[in-house]
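The following exercises are each accompanied by a worked solution. Please study the sequence and the structure before attempting them.

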Amino acid sequence: MNTAASNATKEVPIDTSRLGGKAAGDDAHACGKQPLPATARDPNRVHRQLRINILRYNPQDPASVPHVQQFQHGMTLFMALNEIRETLDPSLQFDFVCRAGICGSCAMLINGKPSLACRTLTKNLDAEFSLAPLPFFELIGDLSVNTGKWMRQMSERVESWVHLKSHDVDLTRLEERMDPELAEKIYELERCVECGCCVAACGTARMRPDFVGAVALGRIARFKLDPRDTRTDADFYEAYSAA
Ligand code: FES
């Protein structure tokens, strides 16, 4: 664990005022490489929660009535961690890429529960809360773990690709048609962002390193549904039962 980060246990006020003056690109550099704008370093800034009143109306919808809707906006955990790293301790390690719940990079233990930090609003947490790296995966440092290494070996183990009848590549061949309902089911199984939360929370995976975990079972289900995949039930059983 990083010494500088672990020593920083004193109370650290996190300034939420950046939200108020945030320009479109203010937090665009999730890795914290961009210096803060001068206003963000102003010690007189006031902490505040934004309440945004937006005029809502859809002229395409006959049932729509113009109305003002209020949204309350709080800081996400991503913003809070970025603020800490940019203003208090540049050595703090954590991972973010998309900040939209798509890449799965920001999974961590939030009050002991595996969750995505970019989808967690600080306003939904108590004034004091704890963060720790996901267990089970190789620790890179602080809140950063190497889920990619585990996902890679899992993918190879369950052979996470379509097993076609022929290995010959024919670029002139027409795409195979698929029933839209079936495509939708496969798409649903493809939506896993491989954040590692399911494995980190799984007691069986923690006790039995040969257990492939929910993420792999989802993968197997996805290829089992795919009519192009020629593997049999016995093949799939082998894929996830072999140690
Ligand atoms: S940063 Fe991509 S899922 Fe959170």
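**Exercise 1.** In this predicted model, determine how many residues lie between S6 and S7 in their hairpin.

*Solution.* Begin with the strands: S6 covers residues 138-141 and S7 covers residues 144-146. The two run antiparallel and are joined by three bridges. Within this pairing, Leu-139 stands opposite Val-145 in S7. The hairpin leaves two residues between S6 and S7. In the turn, Asp-142 has a positive phi of about 50 degrees.

**Exercise 2.** Decide whether Trp-150 is buried, partly exposed or exposed.

*Solution.* First locate the residue: Trp-150 lies in helix H3. Next, count its surroundings: 19 C-beta neighbours are found inside 10 Å. A buried residue requires 20 or more; Trp-150 therefore counts as partly exposed. As a further point of orientation, the C-alpha atoms of Trp-150 and Glu-138 are separated by 8.3 Å, with the two residues 12 residues apart along the chain.

**Exercise 3.** Test whether the length of helix H7 agrees with its expected span, and establish where its buried residues lie.

*Solution.* Helix H7 comprises the 13 residues 213-225. At 1.5 Å a residue, H7 should span 18 Å; its end C-alpha atoms are 19 Å apart, which agrees. Now list the buried residues of H7: Gly-213, Val-215, Ala-216, Arg-219, Ile-220, Arg-222 and Phe-223. These cover an arc of only 155 degrees around the axis, and therefore lie on the same side of H7. Finally, identify what covers them: the elements include helices H3 (147-157), H4 (180-190), H5 (197-200), H6 (203-207) and H8 (233-241).

Definitions and conventions:
Residues numbered from 1 in each chain as written. Predicted model: local features only at pLDDT ≥ 70, side-chain atom pairs only at ≥ 80, totals over all residues. Pairing = 2+ DSSP bridges. Helix = DSSP H or I, 4+ residues; strand = E, 2+ residues; numbered from the N terminus. Expected span 1.5 Å × (residues − 1). Buried ≥ 20, exposed ≤ 12 C-beta atoms within 10 Å, placed from the backbone. Arc of directions from axis to C-beta. Contact = placed C-beta atoms within 7 Å.
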